Amino acid sequence: MNFRTTRAEIDVDALSANANWVRQQIGTGKLLGIVKADGYGHGVGAVCDVLAPCVDAFGVGFTDEAVALRDAHTSSDKPVLILEGCQSIAELEVAAENNFWVVIHSLYQLELLEQAKLARPLCVWLKIDTGMHRLGLELAAVESFLVRLQKCNNVAGTVLMSHLANADSGMPLNHYQRQQFEQIKRQHSGFQFSLHNSAALLNPQLRGEIGENDWVRAGLLLYGVNPSAVTEVQSELKPAMSLKAPIIAIHELKKGDSVGYGSSWIAEKPSRIATVAIGYADGYPRQCGNGTPTAVCNKIAPVVGRVSMDMITIDITDMPEACVGDDVELWGARIDVREVANCADTISWHLLTGTSVRVPRVYRA
Ligand SMILES: *Cc1c(COP(=O)(O)O)cnc(C)c1O
C-alpha cells in the first residue's frame, strides 16, 4: 500500500501492440526482445509475461539479470541471451543449467567456454567488432573462433552478431559497418545473424534485407518510443510507460517572487505555481530546466525552478481548474519522453531505465 500516488503506469496492451508492430516490420526475421535493466524500467516480470508470445527470445545485459528474469517470469521458458556473456566458468555453469544463450566477444570468453565442463551445450552468439570498438573480436579472428567453436563440446549452435555505433543517424561509419557485416554473411552462409537494434530497423541506410536467418534485437521500440530524435515515422507505436505524480501544493506568486533552490526562476507576472510529488530521487532528471513540458488537465505546464530530490514546481497560471491531488504526467502518452530527454540533454533510454525503485509500477490494460 502506498500513500504517495507517484507512479509509472505501464500499459500492457501497448507493449504487445508495439511488439506486434515490430514483428510486422521484420517479416520472417526473428525477434529478440531486449528486456535488460528491468525491462527498460517497466518491470521485467510483467514485460516478459506480456511479450513472451510475441518474441522468439529475450535479451538481457548479464547473467544476474537473466536469473532475475527467470525468477520473475515463470510462465514460459523462452531462451534468454546474455548480451555481455560470462566472465567465469561458474557463470557458464549457471547459464547451462538455465538454458541461457551466451555472447562470446573475446578470446578470454572463448577459452572459458573451452575449459568448462557443462551439463549441456549452449547456443553461442559470436560478437564481431565491425567498427564500434566496445565489444567484439576483430574480423580477422572470426574464422579461427568459428573453427574452435565447432570443435567445442559446449556449443550447440552459433549466431554471428555485431552492433552499430550510429544506427540513429546518417554517419558514414554506418555504411562501413553494414558492408563489413554483409561480407561476414556472404562468407558464412548457413549461420544465423544479428545486426539490427531498434534504430537500425527504422534507418533506410541500415535496414537492408531481413530474412528468416536474421535476428532483430529490439528494445526501445517495444516500449513504444521512437529511437530517432529527428525522424518521425511510426505513428502506430504507443508509449508503454506514463510517469505520473500528484500536485501536493499550489502557491500564488507575485511578480518578482522566485521559486525553489537557487531562485532559478522569477515570476514576470502574478503566477500560479503547483508543487508536484516527483524529483530526481525518482529518476526525474535534475537537468530538466525551466520550460520542460509536463501535462496537467490536458494542457501543457512548464517546469519552473530547480528539480529537487522529491519535488518539482510547474507553472499552472493558465489552468485555474488545476487543483491539489490532480495528476501530472511527466512523460508517456501525452508528453513524448524524447522531448523531456532532450531538455535534460540525454536520451529516452536513460530516462526510462532511470525511473527509480521508489516509483511503484502500476500495470493497466
Ligand atoms: C540494448 C541493446 C539492444 C537494444 O537497443 P535498442 O536501441 O533499445 O533497440 C540491442 N543490441 C544490444 C547489443 C544491446 O546492448
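## Close-up views of the ligand site, the pocket and the cavities

**View 1. Ser198 meets the ligand.** A polar side-chain atom of Ser198 lies 2.5 Å from an oxygen atom of the ligand. On its own the ligand would expose 390 Å², and the protein buries 91% of that area. Please keep in mind, as you look through these views, that the model is predicted.

**View 2. Lys36 and Tyr40 reach ligand oxygens too.** For Lys36, a polar side-chain atom is found 2.5 Å from an oxygen atom of the ligand. Tyr40 also places a polar side-chain atom 2.5 Å from an oxygen atom of the ligand. Both residue numbers fall within the helix α2 (36-40), and α2 supplies at least two residues of the shell around the ligand.

**View 3. The shell around the ligand has 13 residues.** Which of them come closest? They are Lys36, Tyr40, Ser198, Arg217 and Leu220. Among the contributing elements, α2 and β9 each provide at least two residues of this shell. Sorted by class, the shell holds six nonpolar, four polar and three charged residues.

**View 4. The ligand sits in the largest pocket.** This pocket has a volume of about 660 Å³. Its lining is made up of 29 residues, and those nearest the pocket centre are Lys36, Tyr40, Arg134, His163 and Asn197. Two or more lining residues come from each of α2 (36-40), α9 (198-202) and β9 (214-218). Which element gives the largest share? That is α2, with three residues. In terms of class, the pocket lining comprises 17 nonpolar, five polar and seven charged residues. If you are moving between views, Lys36 and Tyr40 make handy landmarks: they are listed among the residues closest to the ligand, and again among those nearest the centre of the pocket.

**View 5. The largest cavity encloses about 50 Å³ of space.** Here we leave the ligand and turn to the cavities, of which there are two with a volume of 30 Å³ or more. Lining the largest cavity are Lys127, Ile128, Asp129, Thr130, Met132, Arg134, Leu135, Ser162 and His163. How do these residues divide by class? Three are nonpolar, three polar and three charged. Two names may look familiar from the previous view: Arg134 and His163 help to line this cavity, and both are also among the residues nearest the centre of the largest pocket.

**View 6. The second largest cavity has a volume of about 40 Å³.** Around this cavity you will find Cys86, Leu92, Val102, Val103, Ile104, Gln109 and Leu112. At least two lining residues come from β5 (100-104), and at least two from α6 (107-115). The strand β5 gives the most, with three residues. Is the lining here charged or nonpolar? By class it has six nonpolar residues, one polar residue and no charged residues.

Notes. Residues are numbered from 1 along each chain as its sequence is written. This is a predicted model: local features need pLDDT of at least 70, side-chain atom pairs count only at pLDDT 80 or more; totals for chains, interfaces and linings use all residues. Side-chain values use heavy atoms; hydrogens and water are left out. On a 1 Å grid over the protein atoms alone, a cavity is a set of points where a 1.4 Å probe fits but cannot get out, and a pocket is an open set with protein on both sides within 12 Å along at least five of seven lines; lining residues have an atom within 4 Å of a point. Grid points are joined across faces, edges and corners, and a volume is the space filled by probe spheres set on the points. Helices (H or I, at least four residues) and strands (E, at least two) are DSSP runs, numbered from the N terminus. Ala, Val, Leu, Ile, Met, Phe, Trp, Tyr, Cys and Pro count as nonpolar, Asp, Glu, Lys and Arg as charged, and the others, Gly among them, as polar. A residue is near a molecule or strand if one of its heavy atoms lies within 4 Å of it. A polar contact is a pair of N or O atoms within 3.5 Å; within protein, one must be able to donate a hydrogen and the other to accept it, and residues adjacent in sequence count only if both atoms are side-chain atoms. Accessible areas come from the Shrake-Rupley method with a 1.4 Å probe; for residues, only the protein chains shown count as cover. A molecule sits in a cavity or pocket if more than half of its atoms lie within 2 Å of its grid points.
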